[in-house]
Amino acid sequence: MQKIGVFVCWCGSNIAATVDVEAVSQALAQEPGVVFSTNYQYMCSQTGQDLIRDKIKEYGLTGVVVCSCSPRMHENTFRKTCEKAGLNPYMVEIANIREQCSWIHKDKAEATEKAIILGRAAIAKVQLNAPLQAGTSPVKKRALVIGGGIAGIQTALDIADAGFQVDIVEKKPTIGGKMTQIDKTFPTLDCAACILTPKMVDCAQNENIHIYAYSEVEAVKGFVGNFKVTIRKKARFVDTTKCTGCGLCTEKCPQKKVPNEFNLGLDNRRAIYIPFAQAVPKVATIDPDYCNMLKNGKCGVCAKVCGANAIDYKQQDELIEEEYGAIVAATGFNPIDLSKFNEFGYSQSPDVVSSLEFERLMNAAGPTGGTLLRPSDGKHPHTIVFVQCVGSRCDGGEKGKPYCSKICCMYTAKHAMLCREKYPDTDVYVFYIDVRTPGKNFDEFYRRAVEEYGVHYIKGMVGKVVPENGKLKVQASDLLDNRQLHIDADMVVLAAAIEPDKSARPLATMLTASMDTNDFFTEAHPKLRPVESPTAGIFLSGACQGPKDIPETVAQAGAAASKVIGLLSKDHLLCNPCTAQPDEMMCNGCSSCEKVCPYGAITYIDKEFRGPNRTTLLRRVAQVNPAVCQGCGACTVACMSGAMDLKGFSNRQIMAEVDAICK
Amino acid sequence: MLMDTIAAISGVNPRKCMRCGKCSGSCPAYDEMEYHPHQFVSMVESGRIEELMASKGIYTCLSCFACIERCPRSVEPARLIEAVRLAVIRQQGKNHLTPEQIPQLLDEDLPQQAITSAFRKYKR
């Protein structure tokens with residue numbers, strides 16, 4: 001029989017205002033096995049912990065039940081408290097009477113009754129608890145960063161700086177991400193390429209960093225400290241060790257009509273290409289969808305002109321297996337597809353552009369060489385209308401996103417300001433719902449656009465854009481003047497909402513990392529653990545976690561790196577001792593558990609058993625590798641014969657809890 | 001009370017409006033209206049429904065539903081207007097004209113048939 005102590009926490013008024021804590025501690029004192037029961041204002045405080053420790057010694061407690069907040073908050077605290085008093089930490093059970101009781105109930109009598117029931121269930125469970133010992137597993141001292149944008153680059157640089165090996169996997173032919181496409185950065189207006197390219201070069205030169213460009217993560221196995229990752233290095237059809245990046249092939253390739261994705265299709269590139277001058281690695285890539293040689297074997301010009309003999313039309317995808325201790329997701333974002341917004345005429349007129357397209361039209365390395373020209377006729381636009389919140393702040397539905405994309409207010413102010421600075425003869429209108437500029441020097445920047453640069457900010461929204469006789473007829477509302485406006489514009493720029501990259505969802509499945517309904521990665525705690533995924537060993541960097549501007553992304557990238565460094569600097573990790581354990585006598589060898597195990601912790605062996613009349617039977621039974629098992633419990637549910645059990649959460653313990661609740 | 005009626009008829013929750021003005025930016029009858037689509041919504045929300053009911057503007061809404069189509073918050077301003085029009089009609093006894101009132105309201109462009117039917121309708 002256990003000697004159990006019950007400790008009911010008030011959590012100030014969080015619990016005590018809705019639950020009669022005195023009644024709970026008195027009622028639970030009557031439960032079988034309970035030798036001591038009390039309540040206290042803050043059980044997690046030093047005094048509260050001392051109280052638990054003293055009572056363990058005084059009463060010789062063998063089990064402790066704390067009725068308090070969620071085990072996610074303080075289970076660890078109380079386990080350590082008990083460990084210091086000489087009790088096995090796994091003899092502690094938490095009854096969550098805050099999140100699952102006091103916070104969600106209003107009626108005190110009802111809440112008190114429920115708190116007693118939850119406490120009773122925890123007591124019933126602790127009766128069957130057994131001391132558990134945590135094992136250890138080694139840590140592979142190498143990190144993987146998925147995504148080579150500014151988030152991934154900064155995370156990799158910071159990890160490498162601490163002396164750890166780090167690999168970057170980037171699906172595009174070059175690292176750099178969205179920031180390479182941006183012209184100037186707010187609120188300082190410094191050139192994006194000038195501050196990004198040194199970091200890209202640092203990555204390439206750093207001995208601790210290896211870049212897998214034009215590669216994708218194919219499979220992830222394992223767990224924190226011991227991930228096994230398969231990386232698919234896509235065929236470039238160019239030998240990267242030989243290519244010098246001279247670019248001669250990209251000039252001679254006869255296939256000239258390939259939409260240039262770097263310029264968002266505003267101009268064309270060749271079938272063999274280097275995305276931009278500062279690409280890292282600076283090697284050519286053949287686009288298999290357009291290359292005549294690869295499609296029908298007729299051409300071969302690039303191989304003929306290549307002085308380094310780097311072209312290899314027979315190159316195949318390569319699969320690389322690598323082990324990592326930590327993985328950082330830095331998959332970034334994309335602007336949403338605007339073709340659904342018919343009212344703005346995005347599909348009807350080339351002069352209606354997205355903000356990222358506008359960025360390319362203003363960029364010296366862009367399709368117009370940095371001169372702002374209309375895509376339709378190459379003429380200088382005189383009236384430009386910017387529309388904010390296109391697809392942001394919509395209440396669900398197919399068309400838009402429910403969240404604020406956060407960066408649009410600032411980049412639109414930047415675009416408007418740059419237009420007025422470069423071309424003072426242009427009239428610039430910005431239609432806004434709210435101008436959101438919380439950030440260092442952000443509001444000052446927006447006010448400068450209005451006050452110094454004379455950008456017309458209009459509170460209202462554009463209702464429709466109709467292309468007519470080479471103009472764009474814009475009909476909009478001006479809510480402050482309470483009138484409808486009709487503007488003949490030359491260009492309309494849509495500040496498209498941003499969404500997580502499409503590769504994030506399948507990646508999250510591979511990593512068993514959770515996501516929200518918008519496909520942003522979920523953090524372990526929204527305030528206190530913002531750069532960690534709830535899945536151990538998976539960290540989050542940049543816009544894959546939520547909309548972010550560059551300074552925020554860099555800050556988060558550094559934070560994620562420091563978490564990775566903290567993990568990699570350990571030689572061993574304590575394992576969770578709550579692992580699965582099969583009862584070999586009951587196991588029928590069906591393999592159900594092996595199939596559902598997400599960690600590959602279960603294997604089957606043929607084992608000899610003693611049969612009747614001194615015979616031996618060879619039976620196929622499950623075996624769990626406790627160093628790999630993460631205690632998710634999927635196997636215990638899948639097992640049809642009830643042979644699989646989870647230590648610390650055994651079927652008996654759970655049934656005892658259910659019985660106690662239903663009593 | 002009246003607000004509840006409008007909410008029940010229209011099924012619209014005006015609190016969902018984020019004041020972007022896309023409805024008024026879309027409306028083809030904007031200039032003909034005393035109150036504009038975004039104002040319909042805020043007037044219903046703040047309970048100024050009698051003023052709306054008294055306005056001729058509610059009959060200039062063409063029910064083209066551009067505002068419904070484009071509203072990013074699915075507020076559906078045109079449904080509110082339809083509900084206000086229905087509320088006017090449902091005020092039994094208050095929406096009747098006497099035959100004596102008709103001559104002052106006559107428009108010379110009005111078809112004879114309409115005038116005749118108006119007299120038939122209201123003489124009872």
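**A walk around helix α2 of chain A**

Visitor: Which residues sit on the face of α2(A) turned away from its buried side?
Guide: Bear in mind that this is a predicted model. Looking at the helix from its outward side, you meet exposed residues. They are A:Q46, A:T47, A:D50, A:D54, A:K57 and A:E58.

Visitor: And why do the buried residues of α2(A) line one face of the helix?
Guide: The buried set is A:G48, A:Q49, A:I52, A:K55 and A:I56. Look down the axis of α2(A): those buried residues line one face because they fall within an arc of 125°.

Visitor: What do the buried residues of α2(A) pack against?
Guide: Their partners belong to chain A too, and both strands and a helix take part. The elements they pack against are β1 (4-9), β2 (34-40), β3 (63-68) and α3 (71-84).

Visitor: How far does α2 of chain A reach from its first C-alpha to its last?
Guide: The helix covers residues 46-59, so 14 residues in total, at an expected 1.5 Å a residue. That predicts 20 Å, and the model comes close to it. The reach is 20 Å.

Visitor: Which residue follows α2(A), and what is its phi like?
Guide: Right after the helix, phi turns positive, near 60°. The residue with that phi is A:G60.

Visitor: Zooming out, how far apart are the centres of domain 3 and domain 5 of chain A?
Guide: Domain 3 takes in 248-305, while domain 5 runs over 580-647. Taken over C-alpha atoms, their centres are separated by 54 Å.

Technical notes: Residues numbered from 1 in each chain as written. Chains lettered and ligands numbered in written order. Predicted model: local features only at pLDDT ≥ 70, side-chain atom pairs only at ≥ 80, totals over all residues. Domains from an automatic or database assignment. Helix = DSSP H or I, 4+ residues; strand = E, 2+ residues; numbered from the N terminus. Buried ≥ 20, exposed ≤ 12 C-beta atoms within 10 Å, placed from the backbone. Arc of directions from axis to C-beta. Contact = placed C-beta atoms within 7 Å.
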